[in-house]
Amino acid sequence: PIILYRAIPKNSNANALDKWLDDSIIKRNTTTVVWIGGGSRDGLIDGIKALDYTLQKVDEKYKEVIYGGVCLPERKGEAILMFNRTQKNYKFFITQIVYNYKLFEDLINEYSNLCITNGINPAKIIFNFALFASESTIKFMKCLGVIFDENFESEITDLKLRDDNEQNYIEYSMDKSCDLYKNLIKLCREKHIPFGFSADVVSGSKMEFLKSIELYKKLKQIV
């Protein structure tokens with residue numbers, strides 16, 4: 001299926017969003033849309049007002065379209081935001097790249113409690129994973145907002161002392177991603193939250209791209 005990501009920036013116009021949706025669904029045969037909030041606090045609020053109107057149009061005109069959002073566990077109030085969007089018929093959330101189990105555990109527990117308390121079914125959470133083969137990719141991930149666990153720096157320092165850093169980094173991030181996904185699957189099953197995964201690539205590294213295919217296969221086997 002064709003999945004489109006659409007940012008909702010500051011002062012978004014509801015009619016413009018509606019036209020974009022018309023064009024996307026008719027001309028591109030889109031079946032799934034992921035809505036992304038604006039970068040600034042005010043922009044996100046303004047954008048969501050326009051988005052609420054557009055989502056009503058989706059329900060009226062395009063009942064077959066599935067829409068979701070992004071999930072950033074480091075963002076304050078994220079579980080409440082996810083819950084509010086679930087009430088507005090979001091079907092799934094794609095997460096930030098996972099490298100910190102505790103952040104996601106806290107988010108899932110809070111989100112699950114909100115859904116149970118209010119008697120609604122939780123949306124699917126798609127956990128996003130990506131590998132790194134260099135310190136530059138690690139640095140870029142941090143710029144994207146990825147938060148690593150507290151043991152990360154010491155573990156990476158140990159890898160630097162060995163030969164073939166690229167291979168060491170790839171193997172480390174591969175094993176780490178698989179272990180994290182196993183734990184997240186267990187947690188989601190305990191909380192009765194549907195889940196999935198995505199194997200992402202965040203740099204132009206050929207090695208990271210090729211190994212992402214291997215990561216996808218390994219994550220798929222875990223399920």
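1. A quick convention to start: contact here means heavy atoms within 4.5 Å. Leaving aside neighbours within four places in sequence, Tyr111 is in contact with Ala79, Met82, Phe83, Thr86, Phe93, Pro122, Ala123, Ile125 and Ile193.

2. Some housekeeping, if I may. This is a predicted model, where local features need pLDDT of at least 70, side-chain atom pairs count only at pLDDT 80 or more, and totals for chains, interfaces and linings use all residues. Residues are numbered from 1 along each chain as its sequence is written, and side-chain values use heavy atoms, with hydrogens and water left out.

3. Tyr111 also turns up in the largest nonpolar core (buried Ala, Val, Leu, Ile, Met, Phe, Trp, Tyr and Cys residues joined through side-chain atoms within 4.5 Å; buried means under 20% relative accessible area, with a 1.4 Å probe and protein chains only). This core has 56 residues, and Tyr111, Phe127, Phe129 and Phe132 have the most contacts inside it. Helix 7 gives the most to the core, with 11 residues (helices are DSSP runs of H or I, at least four residues, and strands runs of E, at least two, numbered from the N terminus).

4. Now for the rings. The structure holds 17 aromatic pairs (Phe, Tyr or Trp rings, the six-membered one for Trp, with centres within 6.5 Å; planes under 30 degrees apart are stacked, over 60 edge-to-face, the rest tilted). Phe132 and Phe148 make an edge-to-face pair, at 6.4 Å centre to centre and 80 degrees between the planes. Both Phe132 and Phe148 are buried.

5. Phe132 pairs with Tyr172 too: the centres are 6.2 Å apart and the planes at 50 degrees, so this pair is tilted.

Definitions and conventions:
Buried means under 20% relative accessible area, exposed over 50%, partly exposed in between (1.4 Å probe, protein chains only).
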